[in-house]
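Hi,

Here is the structure I promised to pass on. Have a look at it first, and my notes follow underneath.

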Amino acid sequence: MADFVGAVDQGTTSTRFMVFDDSGREVARHQLEHEQILPRAGWVEHNPLEIWERTQTVIQSALTQARLDASDLAAIGITNQRETTIVWDRHTGRPLHNAIVWQDTRTDSIAKALDRDGRGEVIRRKAGLPPATYFSAGKVQWLLENVDGLRAAAERGDALFGTPDSWVVWNLTGGPDGGRHVTDVTNASRTMLMDLQTLDWDDELLGFFGIPREMLPQIVASSHPSAYGTTSALRGTEIPIGGVLGDQQAATVGQVCFTPGMAKNTYGTGNFMLLNTGTELVRSEHGLLTTVAYQLGDDDPVYALEGSIAVTGSAVQWLRDQLGIISGAGEIESLARSVEDTGGMYFVPAFSGLFAPYWRSDARGAIVGMSRYNTNAHLARATLEAICYQSKDVADAMVADVEASGGSIDLDVLRVDGGVTANDLCMQLQADILGVPVSKPQVAETTALGAAYAAGLATGVWASTTDLEANWHEDRRWEPTWTADQREAGYAGWRKAVERTLDWVEVD
């Protein structure tokens with residue numbers, strides 16, 4: 001039997017391919033960035049053909065680097081930036097528009113209209129999501145209304161829609177020559193089009209956006225031995241595609257959060273915290289998303305509460321690229337450590353509005369509490385604290401939602417992953433602000449690992465989730481050091497700062 005599992009991780013800023021052995025240890029990786037296309041303020045696009053080209057390149061390069069043949073892979077899994085919307089021609093494989101990225105806000109008027117006439121409540125009940133620019137359905141509606149000939153092509157079944165997982169799978173399995181048009185339940189649960197209970201596209205929701213069912217992919221389990229087909233794109237050898245997961249659900253699997261009550265937080269461009277609620281569908285009353293965490297084979301789906309934060313790691317990039325305060329992301333820690341606190345300064349990076357638990361598209365970024373005493377170092381530290389305070393907002397909302405559903409939760413540790421976890425100060429601040437220990441695994445690339453796990457479970461590399469739990473080992477733990485009074489005072493200031501960002505722009 002082949003000894004390794006590969007994972008395509010198609011992310012917001014780059015695409016990479018990683019190879020893991022059966023102990024979950026990384027064997028190889030290759031990663032390439034792709035262009036961020038910004039046609040106007042609030043619009044963010046990607047070139048789907050560039051993403052597909054990068055996917056092929058990173059696969060071949062990683063295998064070459066590790067001196068592996070495709071036949072050494074038992075399977076590959078795929079994980080992806082969620083909600084990003086691609087439409088393409090079934091017959092030619094040509095995209096019919098640039099991909100509209102999850103961060104894009106051009107559909108704000110569509111989202112607001114849904115709430116004005118009551119459709120928003122139906123979406124919340126069926127799809128578990130609030131109407132927001134974040135999700136895919138509004139982006140599809142915008143494309144149908146603004147791309148010449150697209151609606152007619154969609155109604156004929158000639159135009160296909162998918163998130164990047166569907167685009168990659170379709171191309172890997174043949175593209176115009178018989179490519180599989182599928183998506184998994186986790187990605188489908190991010191569209192505002194899938195009923196969380198039936199796990200199928202819902203005709204009423206499709207009608208809200210005027211989306212023809214003919215353009216939609218088939219929804220299948222996150223881990224399945226045959227649903228995704230095989231690919232010969234890896235040097236001509238047929239390799240099964242065993243699993244697909246949206247990136248944050250993949251990180252949940254990679255962190256082996258298989259027990260209800262376990263939570264993970266991924267620190268990337270934004271932050272994404274997921275709490276496993278088991279097979280119970282917990283509906284949020286406190287600004288969170290109800291989503292599918294994963295579905296393994298024929299098992300019942302496992303659900304999660306999720307808090308999605310738009311700007312965390314990208315706030316560090318803003319300090320580097322727009323303000324020039326640091327020349328590299330790694331410098332922020334030393335700069336922030338040069339002061340003992342923020343000097344009363346708070347930074348709320350609501351560049352595209354606020355996501356969970358506020359969902360305020362009218363908000364914009366603000367730096368408050370400044371005096372002449374403050375320096376670049378205070379702003380650097382306030383940026384790290386902003387990452388952590390936004391995560392506390394979400395954690396508190398999770399506790400409130402579980403209690404509102406009649407349950408209880410005692411978050412005794414937060415498992416963390418993603419690039420910002422390399423910042424020791426930020427992780428210490430996270431433990432201090434939350435008041436619970438923060439734990440980082442030895443294998444930090446949990447998103448790709450989770451996709452590999454899904455594929456390997458489908459193809460027999462791992463027999464059960466128990467095998468995966470045995471692979472998880474802690475690398476570092478941060479214990480809280482703040483007093484309860486420090487924590488309460490700091491958070492009260494944060495909430496005042498958030499209030500200052502609201503009602504800043506007019507929203508139709």
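How many bridges join strand β1 to strand β2, and do the two run parallel or antiparallel? There are six bridges between β1 and β2 (residues 14–20), and the strands run antiparallel. One thing to keep in mind as you read on: this is a predicted model.

Let's stay with β1 for a bit. A hairpin of three residues takes the chain from β1 into β2, and Gln10 of β1 has Thr15 as its bridge partner in β2. β1 also pairs with strand β5 (residues 73–80), this time in parallel, through seven bridges. On that side, Phe4 is partnered with Leu73.

As for cover, β1 (residues 4–10) has seven of its seven residues buried. Phe4, Gly6, Val8 and Gln10 point one way from the strand, while Val5, Ala7 and Asp9 point the other way, and both sets are buried.

Now to the charged side chains. The model holds 30 salt bridges, and I picked out a few of them.

Glu121 and Arg124 form one, with 3.0 Å from N to O. They sit three residues apart in helix α3 (residues 119–127), so about one helical turn separates them. Glu121 is exposed, at 51% relative accessibility, whereas Arg124 is partly exposed at 29%.

Helix α11 (residues 331–337) has a pair with a spacing of four residues, Arg337 and Glu333, again about one helical turn. Their closest N and O atoms are 3.1 Å apart. Arg337 is partly exposed, with a relative accessible area of 45%, but Glu333 comes out as buried because its value of 16% is under the 20% cut-off.

What about a pair that links distant parts of the chain? Arg476 and Asp424 make a salt bridge with a closest N to O distance of 2.7 Å. Arg476 belongs to strand β23 (residues 474–478) and Asp424 to helix α13 (residues 424–434), with their positions 52 residues apart in the numbering. Both are partly exposed: Arg476 has a relative accessibility of 37%, and Asp424 has 22%.

Some salt bridges also share partners: Asp9, Arg16, Glu26, Arg29 and Glu445 are joined into one network that way. That brings us back to β1, where Asp9 is one of the buried residues.

Cheers

Notes: Residues are numbered from 1 along each chain as its sequence is written. This is a predicted model: local features need pLDDT of at least 70, side-chain atom pairs count only at pLDDT 80 or more; totals for chains, interfaces and linings use all residues. Side-chain values use heavy atoms; hydrogens and water are left out. A salt bridge is a side-chain nitrogen of Lys or Arg within 4 Å of a carboxyl oxygen of Asp or Glu. Buried means under 20% relative accessible area, exposed over 50%, partly exposed in between (1.4 Å probe, protein chains only). Two strands pair if DSSP finds at least two bridges between them.
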